[in-house]
Amino acid sequence: MVAVSNPALDDLPSVLTDWFDIRSGADTGCSFEISSGVEALNAEGTAWVARGPWSPLGAIEQEALKRAQRAHWSRGLSLTALDGALLASAHANLIDRLAVTKGGENEELGAAIADFRQSFLAALASRGFQLGTEGPADLIVNPPDVASTAYDYANDKMIGLHIDNHESLPLDGRDRALILAHMNIGWCDRFLHVIPTPLLALIRALELDPACGMAPREIKDELFRRWSDAPVLRIRIPPGTAYLLNTQNAIHDGSTSPGEVPDVAFLMMGRPT
């Protein structure tokens, strides 16, 4: 069993059973590892990434994942492998057009993104994930071998582990946020880093009031300053596999595979229906 010192994750097996929803689990190709904690990227302690070495989950945690099935998939993290034809469609209709435009926006690429979104929604619906179209959809390209896919390009600095704040919801109302649906449409594995605990549980672990007025990033920083050995799960996401996560209610990040091949992902947001 993995030892955990963060009080929000004291019973990790129960957390995994209650928080994950893995459909077609034998086919996802996902694997799970846990970090030895986090490390700060700056002296101020405002940017953090998971710290190695990474360890596989123990037998108890692996068994807990096999039982994972929540009352509703939108309450945690869901993983599912999708049909290979959808991945081939992404390569032909999205990546090829992106290469032609050299990353620039144009009507043809925009139309291709809209079309692929409908195909992605239908594929998710076939697995029991019903998602609306209230949020944006986009195609994202990351360099290979990066420790964090969250980057502040305006200020040229890494963001690292973070909680999204797109809708500026109150801290105790994050379960109403838009859900991110993410599909790896590239050629290499990518990795999702996540602390599988809702924001409100982290606030309680820190003995804060949900009405404290702190921003999500401040709560994340306070958590890591207090518990630098907070375990981060790293989940391998192979090409063709999708995950769904309320990124406004969980600390998360991503990383990419080493080598020379860029990482490519399709992202869209919507409300569960």
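Me: Ala, Val, Leu, Ile, Met, Phe, Trp, Tyr, Cys and Pro count as nonpolar, Asp, Glu, Lys and Arg as charged, and the others, Gly among them, as polar. How does the lining of the second largest pocket divide by class?

Reply: This is a predicted model, where local features need pLDDT of at least 70 and side-chain atom pairs 80 or more, while totals for chains, interfaces and linings use all residues. Numbering runs from 1 along each chain, and side-chain values use heavy atoms, without hydrogens or water. A pocket is an open set of 1 Å grid points where a 1.4 Å probe fits, with protein on both sides within 12 Å along at least five of seven lines; lining residues have an atom within 4 Å of a point. For the second largest pocket, that lining has seven nonpolar, four polar and five charged residues.

Me: Which residues are closest to the centre of that second pocket?

Reply: There are 16 lining residues to pick from. The closest to the centre of the second largest pocket are Thr46, Lys157, Ile159, Arg217 and Lys220.

Me: Which element gives the largest share of that lining?

Reply: Helices (H or I, at least four residues) and strands (E, at least two) are DSSP runs, numbered from the N terminus. Strand S9 (157-158) and helix H6 (216-226) each give two or more residues to the second largest pocket's lining. The largest share, four residues, comes from H6.

Me: And which element leads in the largest pocket's lining?

Reply: Strands S7 (137-142), S10 (179-184), S11 (190-194), S14 (252-256) and S15 (263-270) each give two or more residues there. With five residues, the largest share comes from S7.

Me: How many residues in the largest pocket's lining are charged?

Reply: The largest pocket is lined by 27 residues, with Ile140, Thr149, His162, Asp164 and Leu267 closest to its centre. In that lining, 15 are nonpolar and eight polar, and the charged ones number four.
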